[in-house]
Amino acid sequence: MAHSGNILVTGGAGFIGSNFIRYVLEKTAFKGRMINLDKLTYAGNPENLSDVAKAYKGRYVFVKGDICDFKLVGQLFKKYQPSMVAHFAAESHVDRSIFGPKDFIETNVNGTFSMLEAARNFWNGRSDVRFHHISTDEVYGSLGRTGAFSETTPYDPRSPYSASKASSDHIARAYFHTYGLPVSISNCSNNYGPRHYPEKLIPLLILNALEGKPLPVYGDGKNVRDWLYVEDHCSAIWRILLRGEAGRTYNIGGGCELKNIDVVRSVCRLLERVRPSASNAALKGGSYSDLITFVKDRPGHDRRYAINSSRIRRELGWKPAHDFEAGLAATVDWYLKNPAWLAAVRRASYSEWLKKNYASRK
Ligand code: NAD
Ligand code: DAU
């Protein structure tokens, strides 16, 4: 699939955005320029793309800035004339939204509005362009024991994070219906993989386990998430950008439902294989699974998510290329091989946040 126009990516220094930029530049026939607008919040890390910046000098452009800065966004449209926008930038962590929702409303709602409005002004009725809004399955709320979210499931967000993403989805859809802006939306399940900020479950488990720290499991550990390897999410977004229909929503999921406690056990098992606890001094003779610690539950913790992704599979021929075992092995391998990335992340606000978070869960 070839595309030669320019793409404006927002939030490209974060987890999924950086994997997306890498995927498109390294693994597709894309020939244009990739402009990455990112505010570099605690979650944005230029190190995620330092090698890409060198290898694709001239085709990859980084701009530090806020998506809420309407003037700046307008200038970027004028300067780089993108024919596509991949809008990732957001505050993304549910726990943080519970502690402090303000940034979530500001970036996720107002920031998305600013991006849509700038695109509408610049594209001015063009239909050969695309604004793709990246969203989450959390907008659909929580499932019981059976069933899965489809594109027609009514919205029922429960956390400040999911409510802010639901608002942004509605605004994006309104721009399609009201102004004819060629908008598509995807709602994806839980991603995991390289460059995942270690406040989220899987990277947190890997790093804590290696350091002999507790592996915190919220509540009874039986909440279910549907896991997708990040590169598979990126390939789905690329397909939607090139072949998806404007005005359409696509659910993306791995078809890989797991209870949190089973994810924790899988990480422990894998680490025993690749970095046996017996040879890890931080474990002091214990095993990784000895570190499992049940802690106070997340308020309003959604019980179960599962995605029905038959639309994107059927209409766009997408399917994930990694099963959970292979994806988790690749993820653990990446964290073991990138201690400098970890050290840099740890030096930032990471430990301060975790300390505050843990104190409130005892
Ligand atoms: P992340 O927190 O790792 O990265 C977010 C990025 O956005 C960071 O680089 C940050 O600096 C940037 N950013 C934040 N506020 C900004 C602002 N005001 N202006 C410019 N840049 C700003 O998030 P992620 O996990 O990579 O998620 C990316 C997108 O995918 C989000 O929209 C999220 O809702 C969605 N999503 C994530 C998952 C998941 O499992 N991580 C699943 C489904 C959907
Ligand atoms: O479903 C998609 C969503 O997945 C995205 O929209 C969000 O941006 C992304 O952060 C993720 O949200 P979750 O809340 O599901 O992810 P998190 O990694 O925070 O938690 C996964 C599950 O693990 C959840 O049930 C809470 C639980 N958990 C989490 C942490 C951080 C624990 O049991 N212990 C922990 O320490």
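In this predicted model, the residues of the shell around ligand 1 divide into twelve nonpolar, twelve polar and four charged. These 28 residues surround the ligand, and the closest are I16, D38, S92, Y161 and K165. Four elements, namely α1 (15-27), β5, α6 and β7 (190-192), each supply at least two residues of that shell. The largest share, three residues, comes from β5.

Polar atoms of the protein approach ligand 1 at several points. The side chain of D38 places an N or O atom 2.6 Å from an oxygen atom of ligand 1, while a polar backbone atom of F15 lies 3.0 Å from an oxygen atom of the ligand. A nitrogen atom of ligand 1 is 3.0 Å from an N or O atom in the side chain of T107. Ligand 1 taken alone exposes 830 Å², of which the protein buries 97%.

The second ligand has 23 residues around it, and T136, D137, Y161, R298 and H301 come nearest. By class, its shell has nine nonpolar, eight polar and six charged residues. Both α7 (201-210) and β8 (215-218) supply at least two residues each to the shell around ligand 2, and β8 gives the most, with three residues.

Oxygen atoms of ligand 2 take part in the following polar approaches. An N or O atom in the side chain of D137 is 2.6 Å from one such oxygen atom. A backbone N or O atom of L201 lies 2.8 Å from an oxygen atom of ligand 2, and a polar side-chain atom of N260 lies 2.9 Å from an oxygen atom of this ligand. Taken alone, ligand 2 exposes 690 Å², and the protein buries 94% of that area.

The polar approaches to both ligands are set out below.

| Ligand atom | Protein atom | Distance |
|---|---|---|
| Ligand 1, oxygen | D38, side-chain N or O | 2.6 Å |
| Ligand 1, oxygen | F15, polar backbone atom | 3.0 Å |
| Ligand 1, nitrogen | T107, side-chain N or O | 3.0 Å |
| Ligand 2, oxygen | D137, side-chain N or O | 2.6 Å |
| Ligand 2, oxygen | L201, backbone N or O | 2.8 Å |
| Ligand 2, oxygen | N260, polar side-chain atom | 2.9 Å |

Y161 is listed among the closest residues to ligand 1 and among the nearest to ligand 2. Y161 is also one of the buried residues of helix α6, together with S162, S164, K165, A166, S168, D169, A172 and Y175. The buried residues of α6 pack against α4 (94-99), α5 (102-123), β5 (130-136) and β6 (183-188). Helix α6 comprises the 20 residues 160-179; at 1.5 Å a residue it should therefore span 28 Å, and its end C-alpha atoms are indeed 28 Å apart. The helix is followed by G180, whose phi is positive, near 70°.

A further site of interest is T10, in strand β1 (residues 6-10). With a relative accessible area of 0%, T10 falls under the 20% limit and therefore counts as buried. The side chains of T10 and H87 are joined by a polar contact of 2.7 Å. A polar atom of the T10 side chain also lies 3.0 Å from the backbone nitrogen of F88. Apart from neighbours within four places in sequence, T10 is in contact with L37, I67, A86, H87, F88, A89 and M115.

Terms used: Residues numbered from 1 in each chain as written. Chains lettered and ligands numbered in written order. Predicted model: local features only at pLDDT ≥ 70, side-chain atom pairs only at ≥ 80, totals over all residues. Heavy atoms only, no water. Near = heavy atom within 4 Å. Polar contact = N/O pair within 3.5 Å; in protein donor to acceptor, adjacent residues only side chain to side chain. Areas by Shrake-Rupley, 256 points an atom, 1.4 Å probe, with all protein chains shown as cover. Nonpolar A, V, L, I, M, F, W, Y, C, P; charged D, E, K, R; others polar. Expected span 1.5 Å × (residues − 1). Buried < 20%, exposed > 50% of the residue type's maximum accessible area, 1.4 Å probe, protein only. Contact = heavy atoms within 4.5 Å.
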